[in-house]
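Got the viewer open? Here is a walk through the model, stop by stop, with something to select at each one.

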Amino acid sequence: MASAKQIVAELGRPGPHQVLRGDLALVGLPGVLFTPAAGEQLPAVAFGHDWLNPATRYLGLLRHLASWGIVVAAPDTERGPFASHRKLANDLRTALDIVSTVRLGGTTRGAAVSVDPRKLGLAGHGMGAGSAVLAAAAPAHATRVQAAGEPYWETGSEIAEARGQVEAVATIALSESRPSAQDAARAVHRPGLHIAFGKDLVAPPAAGTEPVAAAWAGPSVMRTVKKASHLGIVEGKHWSDLVLDGKADLGVLTTVKALLTGFLLHHLEGEKKYADVVDGAVKGTDVRVYRESSTV
């Protein structure tokens with residue numbers, strides 16, 4: 001059996017699938033979409049961006065997941081200084097609803113892409129990580145009410161209506177949200193991988209990731225990338241770099257690509273050979289298991 005080190009090396013490289021890029025705006029939600037060129041009943045994940053940052057700063061990460069056979073939708077909404085965590089959570093669930101109910105484009109030979117609604121995940125960075133937790137908590141954590149003619153969920157504040165069951169949630173450098181991601185975590189019973197950055201001054205692990213990982217109702221693993229800063233996984237330059245501490249780091253991005261890919265393939269596709277990448281020894285990281293998964 002391959003070691004965690006070997007698995008990380010494998011999953012840090014692009015996968016075997018050709019990748020197509022699409023535009024979520026064509027179906028009414030601003031954002032980007034990446035899919036393998038062809039495939040039936042694929043897993044899918046909705047990815048939430050950090051505060052002030054556009055979804056385009058994560059193109060390498062999103063493309064990487066698609067190269068491993070995962071459909072990825074990233075809403076490009078709630079980018080202002082007063083952005084709503086709740087509304088971004090709503091958009092993440094809407095993105096999952098879109099990719100799991102709409103037949104996606106295929107190749108010139110007529111091959112098409114479809115998503116299995118039983119293989120849905122959520123992930124995000126910073127603000128988007130907190131919103132992913134809110135979105136994951138919605139089915140078990142909410143009361144249905146009506147506002148402005150639209151269904152939503154309320155848990156002290158509104159969270160989007162959830163249609164499909166989310167099977168796995170990954171957070172990266174999570175920053176606390178309103179409503180509280182820590183409170184919402186107590187209602188999430190699916191596996192969670194919580195990646196913290198050891199040199200994060202925006203969302204220090206003890207204030208962001210750790211409380212959420214500890215409160216998680218389901219299997220929960222916290223992985224700290226020791227030398228990473230808050231913006232370690234973004235690409236290119238953006239004016240928000242003047243506001244948020246940290247900088248892009250290719251080594252950190254490669255590690256996160258491998259960890260996230262292995263976690264999603266393990267829990268959405270049942271790839272048991274990637275189990276060790278979730279809680280095994282990985283160079284440059286520390287790991288803490290809060291609750292073990294029974295699906296190893």
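**First stop: a serine in a strand**

Start by selecting Ser220, which lies in strand S11. Is Ser220 buried or exposed? Ser220 counts as buried because its relative accessibility is 0%, and the cut-off for buried is under 20%. Now show what surrounds this serine. Leaving out residues up to four places away in sequence, Ser220 touches Gly192, His194, Ala213, Arg288, Val289, Tyr290 and Arg291.

**Zoom out: the whole chain**

Before going further, colour by pLDDT, since this is a predicted model. The chain's mean pLDDT is 87, with 88% of the residues at 70 or more. Select 140-162 next: here the pLDDT is below 50, and the stretch has 49 contacts in the model beyond near neighbours in sequence.

Switch to cartoon and you should find 8 helices and 12 strands in the chain. Of the 296 residues, 57% are buried. Take the contacts between residues at least 6 apart in sequence: 75% of them join residues at least 24 apart.

**The sheet**

Hide the helices for a moment. What is the strand order in the open sheet of 9 strands? Reading across, you get S1-S2-S4-S3-S5-S9-S10-S11-S12, and the pairing is mixed. At the edges sit strand S1 (19-23) and strand S12 (285-291), each of which pairs on one side only. From one strand to the next, the twist averages 20 degrees.

For a parallel pair, select strand S3 (residues 39-48) along with strand S5 (residues 113-125); 7 bridges join them. Look for Ala44, which stands opposite Leu120 in S5.

Stay in S3 and pick Gln41. Gln41 isn't a glycine, yet its phi is positive, about 55 degrees. With a relative accessible area of 35%, Gln41 is partly exposed.

**Strand S2 and its two neighbours**

Slide over to S2, where 6 of 6 residues are buried. Show side chains here. In general, side chains in a regular strand alternate between the two faces of the sheet. In S2, Gly31, Leu33 and Thr35 point one way, while Val32, Phe34 and Pro36 point the other, and all are buried.

S2 pairs with S1 in the antiparallel sense over 5 bridges, and with S4 in the antiparallel sense over 4 bridges. Which residue should you centre on to see both pairings? Try Val32: it is the bridge partner of Asp23, and Val32 also has Ala74 in S4 as a bridge partner.

**Helices on the sheet**

Bring the helices back and select helix H3 (residues 85-101). H3 packs on the sheet, touching strand S2 (31-36), S3, strand S4 (71-75), S5 and strand S9 (166-172). Its direction makes about 160 degrees with that of S5.

Then select helix H7 (residues 250-269), which lies across S3, S5, S9, strand S10 (192-197), strand S11 (220-225) and S12. H7 runs at about 165 degrees to S9.

**Where H2 meets H7**

Keep H7 on screen and add helix H2 (residues 59-67). The two pack at an angle of about 35 degrees, with axes 10 Å apart, and their crossing is right-handed. Show side chains again: from H2 come Gly60, Leu61, His64 and Leu65, and they meet Leu253, Lys257, Leu260, Thr261 and Leu264 in H7. The residues of this contact divide into 5 nonpolar, 3 polar and 1 charged.

How many of the 9 residues of H2 are buried? The count is 8, among them Leu59, Leu62 and Ser67. What covers the buried residues of H2 includes helix H1 (4-11), S1, S2, S3, S4 and H7. Just after H2, stop at Gly69, which has a positive phi near 95 degrees.

**Two last backbone stops**

Jump to Glu78, in the loop between S4 and H3. Glu78 is not a glycine but has a positive phi of about 55 degrees. Its relative accessible area is 22%, so Glu78 is partly exposed.

Finish in the loop between S9 and helix H5 (181-185), where you'll find Pro179. Show the backbone from Arg178 to Pro179: that peptide bond is cis, with omega near 0 degrees.

How values were computed: Residues are numbered from 1 along each chain as its sequence is written. This is a predicted model: local features need pLDDT of at least 70, side-chain atom pairs count only at pLDDT 80 or more; totals for chains, interfaces and linings use all residues. Side-chain values use heavy atoms; hydrogens and water are left out. Two strands pair if DSSP finds at least two bridges between them. Axes are lines fitted to C-alpha atoms, for helices over the stretch in contact, and angles run from 0 to 180 degrees between N-to-C directions. Contact means heavy atoms within 4.5 Å. A crossing is left-handed if the near helix is turned anticlockwise from the far one by less than a right angle, and right-handed if clockwise. Ala, Val, Leu, Ile, Met, Phe, Trp, Tyr, Cys and Pro count as nonpolar, Asp, Glu, Lys and Arg as charged, and the others, Gly among them, as polar. Buried means under 20% relative accessible area, exposed over 50%, partly exposed in between (1.4 Å probe, protein chains only). pLDDT is the predictor's confidence in each residue, from 0 to 100.
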